[in-house]
Amino acid sequence: MIHLHGGQAVSITCRSDFQFDVGAMLDAIETNRPNLVILTTPNNPTGLAMPFSDVEKIVRAAPGFVVVDEAYHEFNTEASALSLLDDCPNLIVMRTLSKAFGLAGLRLGFMVARPEIISEMMKSRLPFMVDRMSEQVALLLLRNQELVKDRVQIILNNTRTLKEALSSIDGVEVRPTNTNFVLFRTSADPATLLNELADKGVLVRNMGGYPELVGFLRVTSGTEDENKAFLEALNSIVGK
Ligand SMILES: *Cc1c(COP(=O)(O)O)cnc(C)c1O
């Protein structure tokens with residue numbers, strides 16, 4: 001997309017522990033003076049969040065817009081970047097109903113920014129971009145966020161239980177997460193393991209397409225029963 005608009009992308013690789021390399025990001029901002037900085041926190045696929053104080057540093061250091069993608073915000077223990085909006089007119093926060101709200105099929109996300117930015121964006125917004133039904137459902141949910149609070153708590157508990165159970169399997173390495181998915185690797189070949197899990201009706205994703213994540217699989221936490229089915233399937237493969 002950036003190339004399509006004649007821009008040049010500078011990407012900053014995460015550190016070897018998958019944490020954001022905030023120092024390298026700040027250096028790159030200083031050197032390149034970019035028109036646009038994109039942060040995804042908590043990040044997909046590493047699962048890790050950037051500390052709020054670092055997000056603030058980046059938003060304040062950037063000469064142009066900073067888009068903070070908060071798709072996994074509801075699972076995050078760090079504060080949202082939203083509180084910086086009053087002070088930082090260059091900030092744009094993006095959210096989605098696809099994750100914690102469980103409504104990926106609605107195809108609805110939204111951005112929060114200062115009115116002067118939104119009104120500029122409205123000029124290029126496609127007409128009839130969101131259907132009335134989705135809009136009404138989204139407004140209802142956003143006005144009654146307590147409706148999803150319990151759900152989020154259940155997902156967080158299930159994710160923690162899943163993570164602990166995974167760690168207790170011999171030879172399985174599990175990474176910390178600030179999301180509803182868990183990155184893990186075993187001594188088994190990831191592609192083979194993925195296929196064997198699929199044969200047992202469990203779908204996970206191979207993260208090996210990212211050079212930093214070679215060997216890792218990503219499992220999204222589901223219901224208690226779904227997580228149990230995954231753990232049983234995994235145990236029967238790597239435990240044998
Ligand atoms: C899921 C996700 C989104 C939003 O996806 P939509 O379903 O298109 O709203 C945005 N950013 C990240 C990092 C995601 O994982």
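**View 1. Glutamate 120 and lysine 123 meet in helix H3.** With a relative accessible area of 47%, glutamate 120 is partly exposed. Its partner here is lysine 123, and the two form a salt bridge whose closest N and O atoms are 2.9 Å apart. Lysine 123 is exposed, at a relative accessible area of 63%. Helix H3 covers residues 115–123, and because the two residues sit three apart within that helix, about one helical turn separates them. Please keep in mind, here and in the views that follow, that this is a predicted model.

**View 2. Glutamate 116 pairs with arginine 114.** This salt bridge brings the closest N and O atoms to 3.6 Å from each other. Glutamate 116 has a relative accessibility of 45%, so it counts as partly exposed. Arginine 114 has a relative accessibility of 22%; since buried means under 20%, this residue counts as partly exposed too.

**View 3. A salt bridge joins two buried residues, glutamate 70 and arginine 95.** Their closest N and O atoms are 2.9 Å apart. Glutamate 70 belongs to the loop between strand E2 (65–69) and strand E3 (91–96), while arginine 95 belongs to strand E3, so the pair ties together parts that are 25 residues apart in sequence. Both residues are buried.

**View 4. Glu56, Arg60 and Asp87 share a network.** What links these three residues? Salt bridges connect Glu56, Arg60 and Asp87. As general background, side chains of opposite charge can pair when their charged atoms come close. In this model the count of salt bridges comes to nine.

**View 5. Four strands make up an open sheet.** Follow the strands in the order E1-E2-E3-E4, and you will meet a mixed pairing. Strand E1 (36–40) and strand E4 (109–113) are the edge strands, each pairing on one side only. On average, neighbouring strands of this sheet are turned by 20° against each other, direction ignored.

**View 6. Strands E1 and E2 run parallel.** How many bridges join E1 to E2? There are five bridges between these two strands. For one of the partners, look at threonine 40, whose bridge partner in E2 is aspartate 69. In general, the strands of a sheet pair through backbone hydrogen bonds, either parallel or antiparallel.

**View 7. Helix H3 lies across strands of the sheet.** The strands that H3 lies across are E2, E3 and E4. Relative to E4, H3 runs at about 135°. This is the helix from the opening view, home to glutamate 120 and lysine 123.

Key:
Residues are numbered from 1 along each chain as its sequence is written. This is a predicted model: local features need pLDDT of at least 70, side-chain atom pairs count only at pLDDT 80 or more; totals for chains, interfaces and linings use all residues. Side-chain values use heavy atoms; hydrogens and water are left out. A salt bridge is a side-chain nitrogen of Lys or Arg within 4 Å of a carboxyl oxygen of Asp or Glu. Buried means under 20% relative accessible area, exposed over 50%, partly exposed in between (1.4 Å probe, protein chains only). Two strands pair if DSSP finds at least two bridges between them. Axes are lines fitted to C-alpha atoms, for helices over the stretch in contact, and angles run from 0 to 180 degrees between N-to-C directions. Contact means heavy atoms within 4.5 Å.
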